[in-house]
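Biologist: I should like to learn how the features of a two-chain model are read. Please give the general idea each time, and then the case at hand.

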Amino acid sequence: MRSNNDRRSGMLNRSNIAVMALISVMGASSASFAELKGEVEVGATYAGIDHESSKFSEYRGIRGNETYFLGNLDLLYTDKNYYLNLIGKDLGIDTRNVRLEGGRYGRYTYFLEYDQTPKFISNTSRTIFTGAGGANLSLPAGYDRTVLPSGFSNVGRTTVTALMNELAAKGGSLHNVDLKLERKSGTAGFSMTSFKGLVDFTVSAKHEEKDGIKSIGAVVQGSAEGQGGVRNSVILPEPVDYVTDELRASVAYTREKAQLELEYYLSAFNNETESLKWQNPFRYGAAEPVISLPPDNRYQRLTLSGGYNLPYNTRVSMVAEYGKMSQDQNLLPYHADPNAAATYGILPRSSAKAEIESKLLNVNVSSRPVSALSVNAKYRHYDTVNMTPVNLFTYAMDDGITPPATYVATTANRSRRNDPFDYDQNKATVDVSYRLIQKTALNLGYDRDEIGRQHREQEKTKEDIYRVGLKSNLSIASAGVNYLKGKRRGDVAYNGNAIMDSHPLTTDPWVNHPDLRKFDVADRDREKYDYFVTVIPAKNASLGITVANGWDQYPDTKMGLLNSDFRSYTVNASYLPVQEVSLHTYYTYDTSSSKQYGRVMTSTASTWTDTGRDWTSANKDYTDTIGAGATISLLRGKMTISPDYTYARSITTIDIWAADQTKVGTLGPLPDLITERHTLNLSGKYKLTDKLTLGASYLYESYVSKDWAVDGMTLDNTSTLPIDKPLVPLSGSVPNYVANVGTISIAYKF
Amino acid sequence: MNRMKICLVTMFICSIPLFAHADEAYQGDKACFACHKDMKQSYLDRAHGRVLSGAPRNDLEALGCEACHGAGKPHSDAMDKDENGPKMIEAFKKDTGLPEDKNKVCLKCHEKGKRMHWQGEAHDRAGLSCINCHTIHGANRSVSAEVCYSCHPKQRAEFQRASHIPVREGKMTCSNCHNPHGGKGPSLIKEASVNDLCYTCHAEKRGPFLWEHAPVRENCLNCHNPHGSIHQNLLKLKPPYLCQQQCHTPRNHPTNAYSGSNIVGGTASKIVAVGKSCLNCHSQVHGSNHPSGAVFQR
């Protein structure tokens, strides 16, 4: 596996070469039409923070209490109609982007681009394993796995306490592990227009590396004797070492009446780490467990697009596309121990041989036979065909146990068939718009959407959607209202046993309750409406209101998702009291809610029909978002100040109730899930001279989150862990923080 | 034959005034810049000016300013007579004229590539014209997300949520996923399907896998809200309420009513309610390539 440092230096060297090439080209030019202009900004940023937090760093690329170089540039070199443009952003931090583009206006263009995007996930995670970031995770030296009881049912916390005691006794310690991903990509492209602008040719290639560590849950059996029951879970640091290469090439022919374009696209994904092996902290087993990681895959696609303009303002356009995604990675054995693997039998094939074809046909006819009337008709056919071979695979639960010798004979009914899921969609849409009066139009629309699926509970759904709207754009005000009503129904009876396609030998069905309707294929009634009003009382002011509401009801569902809805309200305003001052603000209030129904069931058949075991839950999300900003020009334009403030708060409430808690279990109230962020950014620029500008900014940000799923859960204190089953966590909570970020810079414009 | 020659000569002579009229109506850039001095440099510095007035590729482009705005002479004549009268030119003002008339001018050259399917698509049907989003003479190279927010405030608020894609940090913008001129897929997305779009950045989730998860293969939006969410990983709902209890109700642990009693500190804390919830064990929800990965644990 290549080291991250090797990759980093390679990528940076390539971008340095590009910069040097640009400078040499610029320096060599002395033509009379040649001109170099642009802006270079340098400075420094310091981020002070009270608690280091991955949430602050997330996509910013900076950590707290560190100083960073600030560098931005935009250089444009022109020589008559030739140009060379170098743009660099965030050069001193891990979100940097550098793009070099050149060519001849209207004739050809070439570019090179380097881009970097970080994602900080967690800075509080701790693991018992060594080797984080690699493909093998080891327990501390001397760690004794025999201290844990075998068959430790429902003693999770005790188990982990024993584990922690063992760690402490051996002097082992938890290791900090930063969960962080980073993308680095390099792209090169060329495009050319020739034959008086009739033919365009474009080609580009992109190479992206994504490295880092994220987290993944892994599971082993709690006891050796059973094929089920208690599981032990460990959250592992998962290595991410991905490389994706892309190629795009297209040729297009364009006339005023007719256009045609052919495009080829290739995406090749390679994972340098194909599996993750980890030492089982709970017990010794036949072998150390192995979990599969995303396999290498390929995708190729050919797209033909075209359009033709007919008389009477009529146009026909189409897209036809054929794609194929494939994956043929060698399969891992059923069991990491070769002797145990033999007990499970021989793999039906050695590699995945997975393939899915996709086909798209879009045909669009739009016509405006008279100025006031427009008619659009569209047909879409999208089809995926899963051609992956279907075989029976023995279901070996994990590598942590040695299977009994009689396993294959007694548990063959656990064999599973890999169902090749796929679907196809046929959708027809008609829209008619009629201009009633000047700039006021009535819109009517109808969609018919049919989706067919393989191996699903509902193999075909048909949906009718009716739309009506009215929109007016006047000089002092604009307004619009839209209403949508949809009705989706299954074409055949809902088949809750469809999942059993994958269990052809099972005599003990493990199926969903017959009253469950999965929401993505269930019968659904949908309504939505939205409206907006924007008033411009004067040339220097505007006020707007936007409202959007929607409801989904699942009329045939007695278990599962019963209904969901959303509501969104926005008020926004802008005002320019004087030429030097502009102000804007907005407030958005969003809610969404859903209600679902369940029943606590065991393997005892009577529980399936016992309505006394029923429960209901209601999930509600509320968010408030406020934004306000201004741009103020002072000292006859020499100074500009731009304050900007954002407030975002979200609250989730989950209520669960049941008529009989003796059967359902005690239902304690769940605390609210909360996030709250204040961001205030004050930035200013002062023109020292015509060419020199001094810049400064100050950012204040505070963040608070409360999440009962992760807050306070740590291996340092086993009383913070669940007691029903052993869990060795990794991800810590997201620290709340208050950050103060100051930036000072100077920009030279020429 | 002679009659034919006479006819042709007569037609040629009669047509001379027509051609002359057409040529005279177009005055060239200099006439435009004589009045519109403030426009000159910003126009000439940008691609439009460089091509149309610098290196035109065809007869239309060779008309310079008038390739887009139309013949200038009726305009200059009208302005000489009455400054407040009809402008006699396509001025691309937002509050005058019909959007389709303005768009026709742009589409003469730009009805190709990403804009090939503009006519009849959602933004065309909404009565937008190119200048609602683009500044033709201005310095902006590309349209920022702020432009989209003016009509899509719900999405602006969603990008401010705790779980979000890096739009507000400037590493992505709306056009990374959507083609506002008319995309191949639903909701103007650039690719044929939602999943095809997501795979362009998340190729590791493309597979195909030996063990597929049906709703995942069909549509990422079954579980995720791509613009932003209150819940981690852009999920639409907090697990286990999303996974187990909307789609999975076999016996035992997926059917339990998880409440405040089951979180850490509760009277009966459970592994399913905390940490990664369902994904503490079923971590391979996007698909597994392990021969024993049927329940997405390996």
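Modeller: Let us begin with a surface patch. A nonpolar patch joins Val, Leu, Ile, Met, Phe, Trp and Tyr side chains within 5 Å, each residue having over 30% relative accessible area and no salt bridge; accessible areas come from the Shrake-Rupley method with a 1.4 Å probe, and for residues only the protein chains shown count as cover. Here Y434(A), L436(A), I437(A), L470(A), V481(A), Y531(A), V533(A), V535(A), L543(A), I545(A) and V571(A) make such a patch of about 900 Å². The model is predicted, so local features need pLDDT of at least 70 and side-chain atom pairs count only at pLDDT 80 or more, while totals for chains, interfaces and linings use all residues. Residues are numbered from 1 along each chain as its sequence is written, chains are lettered from A and ligands numbered from 1 in the order in which they are written, and side-chain values use heavy atoms, with hydrogens and water left out.

Biologist: Which elements of chain A each supply at least two residues of the nonpolar patch?

Modeller: Elements are DSSP runs numbered from the N terminus: helices are H or I with at least four residues, strands E with at least two. The elements in question are β21 (423–437), β25 (524–538) and β26 (541–553) of chain A; V535(A), for instance, is in β25.

Biologist: How many residues of chain B are in contact with chain A?

Modeller: Contact means heavy atoms within 4.5 Å. By that rule, 116 residues of chain B touch 186 residues of chain A. Buried area is the accessible area (1.4 Å probe) that two parts lose on being put together, summed over both; for these chains the value is about 12100 Å², with 53% given by carbon and sulfur atoms. R50(B), R57(B) and R251(B) supply 6% of the area that chain B buries against chain A, more than any other three residues.

Biologist: How many salt bridges does the rule find across the interface of chain B and chain A?

Modeller: A salt bridge needs a side-chain nitrogen of Lys or Arg within 4 Å of a carboxyl oxygen of Asp or Glu. The interface has 15, and the structure holds 51 over all chains. One pairs E321(A) with K184(B) at 2.7 Å, N to O. Because E321(A) lies in strand β16 (residues 314–327) of chain A and K184(B) in the loop between α10 and α11 of chain B, this pair joins two chains. In another, R161(B) meets D590(A), with the closest N and O atoms 3.3 Å apart.

Biologist: What deserves notice in the backbone?

Modeller: Most residues other than glycine have a negative phi, and most peptide bonds are trans. The bond from G207(B) to P208(B) is cis, with omega near 0°, and P208(B) lies in the loop between α11 and α12 of chain B. L635(A) has a positive phi, near 55°.

Key:
Patches are made of residues with over 30% relative accessible area and no salt bridge: like charges are joined within 9 Å, nonpolar side chains (Val, Leu, Ile, Met, Phe, Trp, Tyr) within 5 Å.
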